[in-house]
Amino acid sequence: MTGIICIDKDKDITSFKAVAKVRGIIGEKKVGHTGTLDPMATGVLPVMLGGATKFLDYLPDSDKGYRAVFKLGITTDTLDITGNVICKMPVTAGAKDVEAALEKFRGEIMQIPPMYSAKSVNGKRLYELARQGQVIEREPCAVNIKSLTLADYSDDSYTIDVLCSKGTYIRSLIDDIGKELGCGAVMTDLVRTGAMGFTLEDCVTTDELQRLRDDGAGFDSAVKQLEEIYKSYPCVVVTPAQAKRFSNGGDLDIKRIKNPPEKDSVCRVYSAEKVFLGLGKNDGQELKVLRLLTRRD
């Protein structure tokens, strides 16, 4: 089986565990996710199946969408409600103050990755060091908050919708908002609403996947075509002779390709019959083969 299943990840399990559940249900050994989602989070987790896993190294940079809930007046060591409480503070901020604070975090901002994260520093995952009681200096990273809106609030609990660039930590964003308000804030709930061009409407739960298996219905209704995850890349259609050469691992003369992609860009390559062949890259002289989707996949 080759393709993508978008899972609406269960709460309180790791992305690795979610992948293991998919593997067990569909009986496919080669399964891999496209980006880690916090254990406490639910939502969009695209999972690559079979021959699609060969393409994981060439995932496009993709904006992510989130709906997050946070509570004012409390901070923890993990920056979410599952951690140990560091301090509690009186809350004097209201909805207008939160709205004003959000304005300061729209656009490109610098963000320090949380200690409890999967980011690697000197070959070590930060969460591994954090569990050992270590706190190390982390370099701030530039991220882009493309949209940040207040969706709801009640008492000291606030719900925000976020559209952001890859690599953004919503826990850190909320912690920074709490610092800006002067009373601290901690994330209490997180749903990823969009990733890799997919939304919650494209997802199935592992329970729904299990029912498809139990009913003997097969998984066709849940599996999406591999090329859907790469639709942000330009499309190149080649001649039958070029398709044969490319499918056999041969690079193509860029001058002989109609409408070639820009130099150094990755593209989707299709036959004249609009069959997806794989991914290529224009190195200035040739369309190099990056990954092939073979028929046996």
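# Reading salt bridges and cysteines

Q: Let's start with one residue: does Lys104 count as buried or exposed?

A: Lys104 counts as exposed, because its relative accessibility is 54% and the cut-off for exposed is over 50%. Keep in mind that this is a predicted model.

Q: Which residue forms a salt bridge with Lys104?

A: To read a salt bridge, look for the closest N and O atoms of the two side chains. Here the partner of Lys104 is Glu180, with those atoms 2.6 Å apart. This pair links distant parts of the chain: Glu180 sits in helix α4 and Lys104 in the loop between α2 (95–103) and β7 (107–111), 76 residues apart. Glu180 is partly exposed, at a relative accessible area of 37%.

Q: How many salt bridges are there in the whole structure?

A: A search finds 15. One of them joins the side chains of Asp38 and Arg171, at 2.9 Å from N to O. Asp38 is in the loop between β2 (31–33) and β3 (42–49), while Arg171 is in helix α4 (residues 170–181), so far along the chain that 133 residues separate them.

Q: Are Asp38 and Arg171 buried or exposed?

A: Take each partner on its own. Arg171 counts as buried, at 4% relative accessibility, whereas Asp38 is partly exposed at 22%.

Q: What does Arg291 meet in a salt bridge?

A: The side chain of Arg291 meets that of Asp57, at 3.7 Å from N to O. Arg291 lies in strand β19 (residues 286–292) and Asp57 in the loop between β3 and β4 (64–72), so the bridge ties together parts 234 residues apart in sequence. Arg291 is partly exposed, with 25% relative accessibility, and Asp57 is exposed, with a relative accessible area of 64%.

Q: What about disulfides: how many does the count come to?

A: First the general idea: a disulfide is a covalent bond between the sulfur atoms of two cysteines. In this structure the count comes to zero.

Q: Why is there no bond from Cys164 or Cys235 to the closest cysteine?

A: Compare the sulfur distances with the cut-off, which is within 2.5 Å. The closest cysteine sulfur to that of Cys164 belongs to Cys141, and at 14 Å it is too far for a bond. For Cys235, the closest is the sulfur of Cys267, 8.3 Å away, which is also too far. As for their surroundings, Cys164 is buried at 0% relative accessibility, and Cys235 is partly exposed at 40%.

Definitions and conventions:
Residues are numbered from 1 along each chain as its sequence is written. This is a predicted model: local features need pLDDT of at least 70, side-chain atom pairs count only at pLDDT 80 or more; totals for chains, interfaces and linings use all residues. Side-chain values use heavy atoms; hydrogens and water are left out. A salt bridge is a side-chain nitrogen of Lys or Arg within 4 Å of a carboxyl oxygen of Asp or Glu. Helices (H or I, at least four residues) and strands (E, at least two) are DSSP runs, numbered from the N terminus. Buried means under 20% relative accessible area, exposed over 50%, partly exposed in between (1.4 Å probe, protein chains only).
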